[in-house]
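Visitor: I'd like a close look at a single part of this protein rather than a quick tour of everything. Could you pick one strand and walk me through its surroundings?

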Amino acid sequence: MILLNEILSKYPKEQEYLIEILLEYQTSKKNHYISSEDVASISKYLGVPESQVCSVISFYSLLSMKPKGKYVIQVCHDVPCFVNDSTSIYDKLVEILEINDGETTKDNLFTLEITECLGRCNEAPAMRVNNLVYVSLTPAKVEKIINDLRGEKK
Ligand code: FES
């Protein structure tokens with residue numbers, strides 16, 4: 001709860017900051033998710049019902065109440081990336097991670113997600129791993145990125 005309290009203390013106790021708080025906290029938290037205890041704390045801090053916090057989490061696809069892997073990989077599938085063969089990037093990830101959209105590897109290292117524009121269309125295809133966006137991808141580049149991340153684990 002220390003991390004959550006640190007993040008909450010940066011925001012005024014106003015409902016309009018709910019999404020920003022949720023996004024910042026989820027990004028910072030190991031396993032990238034909002035637990036029911038977190039929902040209770042955020043609800044108390046902002047003075048909004050827990051049901052409202054849960055509704056916001058379920059409405060925004062970036063937010064989750066389900067634990068994710070250490071690395072959340074989001075492959076852009078919007079038109080500019082799609083026409084630059086983002087499908088081959090996604091297929092390569094499915095092949096090497098042996099998971100599909102929304103799933104997490106058994107070792108809890110990677111979660112794979114399809115997402116919308118990451119704002120790097122000029123360098124498509126793109127994917128984000130946690131806070132870092134990788135661009136101009138090829139299947140070979142993707143394999144190297146995954147191998148490097150697996151190496152960091154050791
Ligand atoms: S469409 Fe993929 S980064 Fe914009």
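Guide: Let's take strand β1 and work outwards from there, with a few side trips at the end.

One thing up front: this is a predicted model. For orientation, the protein chain has seven helices and four strands, and from the N terminus on the order is α-α-α-α-β-α-α-β-β-β-α. The C-alpha trace spans about 50 × 35 × 25 Å along its principal axes. Of the 154 residues, 24% count as buried.

Now to β1 itself, residues 71–76. Six of its six residues are buried, so the strand is largely enclosed by the rest of the structure. In a regular strand the side chains alternate between the two faces of the sheet. In β1, Y71, I73 and V75 sit on one side and V72, Q74 and C76 on the other, and both faces are covered.

What does β1 pair with? The sheet is an open one of four strands in the order β2-β1-β3-β4, with mixed pairing. β1 and β2 run parallel and are joined by six bridges. On the other flank, β1 and β3 (residues 127–129) are antiparallel, with three bridges between them. Q74 is a handy residue to click on: its bridge partner in β2 is E113, while in β3 it stands opposite R128. One place back along the chain, I73 faces V129 of β3. The edges of the sheet are β2 and β4 (132–134), each pairing on one side only. On average, neighbouring strands are turned by 20 degrees against each other, if you ignore direction.

Next, the helix packed against this sheet. α6 lies across β1, β2 and β3, and runs at about 150 degrees to β1. A good residue to look at here is L93, which touches I73, V75, L112 and V142, leaving aside residues up to four places away in sequence.

Those contacts lead into the largest nonpolar core, which has 17 residues. The members that touch the most others are I73, V75, C76, I89, L93, A126 and M127. Three elements give two or more residues to this core: β1, α6 (86–97) and β2 (110–115). The largest share, five residues, comes from β1, so our strand is a sensible place to start, being buried in six of its six residues.

Apart from that core lies another, of nine residues, including I34, I42, L46 and I57. I57 also turns up in a helix pair worth showing on screen. The axes of α2 (residues 18–28) and α4 (residues 50–59) come within 11 Å and cross at roughly 65 degrees, in a right-handed crossing. L18, I19 and L22 of α2 make the contact with V53, V56 and I57 of α4. By class, this contact has six nonpolar residues, no polar ones and no charged ones. S58 is in helix α4 too, but it counts as exposed because it has 11 C-beta neighbours inside 10 Å. If you want a distance to check, S58 and T105 are 22 Å apart in space, C-alpha to C-alpha, and 47 residues apart in sequence.

A few backbone details in the loops deserve a look before you do anything with torsions. Between β2 and β3, the loop holds P125, and the peptide bond from A124 to P125 is cis, with omega near 0 degrees. E98 lies in the loop between α6 and β2. Its phi is near 60 degrees, a positive value in a residue other than glycine. With 12 C-beta neighbours inside 10 Å, E98 counts as exposed. S136 belongs to the loop between β4 and α7 (139–153); it is not a glycine either, yet its phi is positive, at about 50 degrees. S136 is exposed as well, because it has 12 C-beta neighbours inside 10 Å.

Last, a number for the chain as a whole: among contacts with a separation of 6 or more, 60% are between residues 24 or more positions apart. Back at β1, the pairing gives you a concrete case, with Q74 matched to E113 in β2 and to R128 in β3.

Notes: Residues are numbered from 1 along each chain as its sequence is written. This is a predicted model: local features need pLDDT of at least 70, side-chain atom pairs count only at pLDDT 80 or more; totals for chains, interfaces and linings use all residues. A nonpolar core is a set of buried Ala, Val, Leu, Ile, Met, Phe, Trp, Tyr and Cys residues joined through C-beta atoms within 7 Å. A residue is buried if 20 or more other C-beta atoms lie within 10 Å of its own, exposed if 12 or fewer, and partly exposed in between; C-beta atoms are placed from the backbone. Two residues are in contact if their C-beta atoms, placed from the backbone, lie within 7 Å. Two strands pair if DSSP finds at least two bridges between them. Axes are lines fitted to C-alpha atoms, for helices over the stretch in contact, and angles run from 0 to 180 degrees between N-to-C directions. A crossing is left-handed if the near helix is turned anticlockwise from the far one by less than a right angle, and right-handed if clockwise. Ala, Val, Leu, Ile, Met, Phe, Trp, Tyr, Cys and Pro count as nonpolar, Asp, Glu, Lys and Arg as charged, and the others, Gly among them, as polar.
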